[in-house]
Amino acid sequence: MNAKPRAGPARAPRAQSADIWNLRLYVAGQTPKSLAAFANLKRLCEDHLKGHYTIEVIDLAENPRLAKDDQILAVPTLVRKLPQPVRKIIGDLSNTEHVLVGLDLIPAPSATA
Amino acid sequence: MNHEPRNLVLAKSPTGIQGLDELTGGGLPKGRPTLLCGSAGCGKTLLAMEFLVRGAVESGEPGVFMAFEENTGELATNFASLGHDLKALAAQKKLVLEWVHIERAEIEETGEYDLEGLFIRLGQAIDSIGAKRVVLDTVEALFSGLSNTAILRAELRRLFRWLKDKGVTAIITGERGESSLTRYGLEEYVADCVILLDHRVEGQMATRRLRIVKYRGSTHGTSEYPFLIDAGGISILPITSMGLTHEAGTERVSSGVSRLDAMMGGKGYYCASSVLVSGTAGSGKTSLAAHFAHAAAARGERCLWFAFEESANQIIRNMRSIGIDLAPAVRRGTLRIQAERPTICGLEMHLVTIHKLVNQFRPQVVIIDPVSNFATLGSEAQVKAMMTRLIDFFKIQKITALVTSLTAGGTLLDDTEIGVSSLMDAWLLLRDVQNGAERNRLLHLVKSRGMAHSNQVREFLLTDHGVELRDVYAGPSGVLLTGSARDALQAHEKAQTLVHRQETEGKKRELTRKREAVDAQIAVLRAEFEVEQAEANKTIAQDETSAGVLAGDRVEMGRLRQSDTGAVRKATKRKEIH
């Protein structure tokens, strides 16, 4: 499942544009999973998108209404609002490569294999 | 545990769906989830939505519909065609439509997660209107959107537990699986009540069926029950659920044929009874039905006529030929002829169509002509079950029903196609008998529950003023004679009577003549006798005179001769001795 024929040590090509990446992380309370997800995201952005991103953390336990807008089911969910199109990554973001694929920072492994 | 059984009785949440509450003894288990499974297009979403809408409108229980497959706009459009205004209900805070969209292509999974987002959304929706009912349609979409089934299963288990804790009555729909009730084994989690919907095609006729697979803690109907979806939503007709508790009145209604009424004690059928008119083709079933319809119209009653062989116009025209004009009643709107081919839909659809029309039209009289055409739509048992249901329905509605049934040529006459005769209160058997070169129609009241009735087989004619029962004409050996045989015998007997009368008169005349002759003879004899008598008297008188004279002479002589009178006396004495 996680066979990784990586296209090199893929230090990201700094995305396609130098625009600001608008990322939103949905969590539900201060659970270990949500804390882990935030930490993973922060590290990843620093590595790949330094200076080009904003992270907005939404705690659904406090704002349940907001779950509807982005069709959130699972938490944690990371939503890439910008650049378009919208992408969603669910889970604690512990698998960095999956997150990068999910964010389109690197091409999907199956597509290149 | 057994101290207070009342607390153990399961509370139920009425669905408001016709028939389903009857089957479940009051509705779905209150505060518990119910699994509704079935293959695609069998009506899961509709049933679930109807549960919510009726709950909101009829039971005052607001509901949340969480849709995983259709968005709220599509749902609102789909249900608008069934007469439910979901948007209005939502505006009145009676309903929340929540669309949950999962697009696998947009989603990347990495690491641990849970479905707390779903719980939060559902919780939010429930709390926003104080919902008592929830539908998840269909939660299995999660399996196609998310790949980690271990997480999904754990979360679903938690979801159903959570729904129970929330105290909402929930319907969870699931797609039918190959070997299990649902493709993803949802039945493992929802154990309280499982309802299975099915849409099968048998003999090119699609029928929807519903079965309650399980209902923990409650009795329920166990069979497969046909149901259907039409403009009014879902109706289920539990054929066996009806009790035999209808009232029985004593009022009677005329059959429209006075001599037929006479056969039933002069009063006709019982009100709210069911009458079967069976017979071979062309034996006059429809004509009898038309009489009944006409009589109903004359009484000012409403009559609904289901015609499965002829169109309304055809019936009106044909009945006019025997002097029954149904057109005015149709024009007045008190008679409605609903004509359609029986094969247009399945048995259940017919049943429901009849139900609906009866509820709309509110007739006192219903005619089904002929009911035997249903036989092509299902097995004998199915048709019989349907008829039972129908007749019970009519009785409960206090409708007098007349159904005709065609008996195929060559079969036993008493054998109605669909074995409904036992259900009926009265049974008129019509038949054709052939004698010589003609066929004649006979009518026989096989049974008529609850009244003294004639047991005679009667001949009837279709005249230009309707059905006419003839006088019973049994021949010398007690066999009923019909048609020209009856006429012939009648003529023959008339001739014989004439001859008899003539003979009698002749005899009478002869007798008179004889008496006259005797009288004449007597007169003659008497005359002769009188003559003789007269003569005899004359002679006697002469004799006496002469004797007197003789004696006188002798006395005179003796006196003259001074003779001894004793000698004279002796002489006369001697003469007397002589």
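In strand E15 of chain B, B:Val277 stands opposite B:Thr404, which belongs to strand E19(B). On another side of the story, B:Ser278 has B:Leu429 of E20(B) opposite it. This is a predicted model, in which local features need pLDDT of at least 70 and side-chain atom pairs count only at pLDDT 80 or more, while totals for chains, interfaces and linings use all residues. Residues are numbered from 1 along each chain as its sequence is written, and chains are lettered from A and ligands numbered from 1 in the order in which they are written.

Some vocabulary helps here. Helices (H or I, at least four residues) and strands (E, at least two) are DSSP runs, numbered from the N terminus. Two strands pair if DSSP finds at least two bridges between them.

**The strand E15(B) and its sheet**

E15(B) covers residues 274–279. Six bridges tie it to E19(B), residues 400–406, and the two run parallel. Five bridges tie E15(B) to E20(B), residues 426–435, also in parallel.

How many residues of E15(B) are buried? Six of its six, so to speak a full house. (A residue is buried if 20 or more other C-beta atoms lie within 10 Å of its own, exposed if 12 or fewer, and partly exposed in between; C-beta atoms are placed from the backbone.) In a regular strand the side chains alternate between the two faces of the sheet. In E15(B), B:Ser274, B:Leu276 and B:Ser278 sit on one side, B:Val275, B:Val277 and B:Gly279 sit on the other, and both faces are covered.

Zoom out and you find an open sheet of nine strands in chain B, ordered E17-E16-E18-E19-E15-E20-E21-E22-E23, with mixed pairing. E17 (335–339) and E23 (466–469) of chain B stand at the edges with a single partner strand each, so one side of each has no neighbour in the sheet. On average, neighbouring strands here are turned by 20° against each other, direction ignored.

**Helices of chain B**

Here are two helices of chain B side by side. The expected span is 1.5 Å times one less than the number of residues.

| Helix | Residues | Length | First to last C-alpha | Expected |
|---|---|---|---|---|
| H10(B) | 285–298 | 14 residues | 20 Å | 20 Å |
| H15(B) | 483–561 | 79 residues | 113 Å | 117 Å |

Their surroundings are worth a look too. In H10(B), 13 of the 14 residues are buried. In H15(B), the number buried is one of 79, so that helix lies largely in the open. Just after H10(B), B:Gly300 takes a positive phi of about 85°, and just after H15(B), B:Gln562 takes a positive phi of about 55°.

Now for a helix pair: the axes of H13(B), residues 347–361, and H14(B), residues 380–396, come within 10 Å and cross at roughly 10°. (Axes are lines fitted to C-alpha atoms, for helices over the stretch in contact, and angles run from 0 to 180 degrees between N-to-C directions.) H13(B) and H14(B) are therefore roughly parallel to each other, a label for angles under 35 degrees, with over 145 being roughly antiparallel, 65 to 115 roughly perpendicular and the rest oblique. Residues making the contact include B:Leu351 and B:Ile354 of H13(B) and B:Met386 and B:Phe393 of H14(B). (Two residues are in contact if their C-beta atoms, placed from the backbone, lie within 7 Å.)

**Where the chains meet**

The contact takes 21 residues from chain B and 29 residues from chain A. On the chain B side, strand E6 (107–109) and helix H6 (116–129) are the elements that give two or more residues. H6(B) gives the most, with seven residues.

Which strand of chain A is joined to E6(B)? That is E4(A), residues 87–90, which runs parallel to E6(B) with three bridges between them. Within this pairing, A:Ile90 has B:Glu109 as its bridge partner. The result is an open sheet of five strands, E2(A)-E1(A)-E3(A)-E4(A)-E6(B), with mixed pairing. E2(A), residues 53–59, and E6(B) stand at the edges, each with a single partner strand, so one side of each is left without a neighbour in the sheet.

**The rest of chain A**

Chain A has four helices and four strands, in the order β-α-β-α-β-β-α-α from the N terminus on. Of its 113 residues, 36% count as buried. E1(A), residues 21–27, and E2(A) pair in parallel over seven bridges, with A:Tyr53 as the bridge partner of A:Trp21. Helix H1(A), residues 32–48, lies across E1, E2 and E3 (77–82) of chain A, at about 165° to E1(A).
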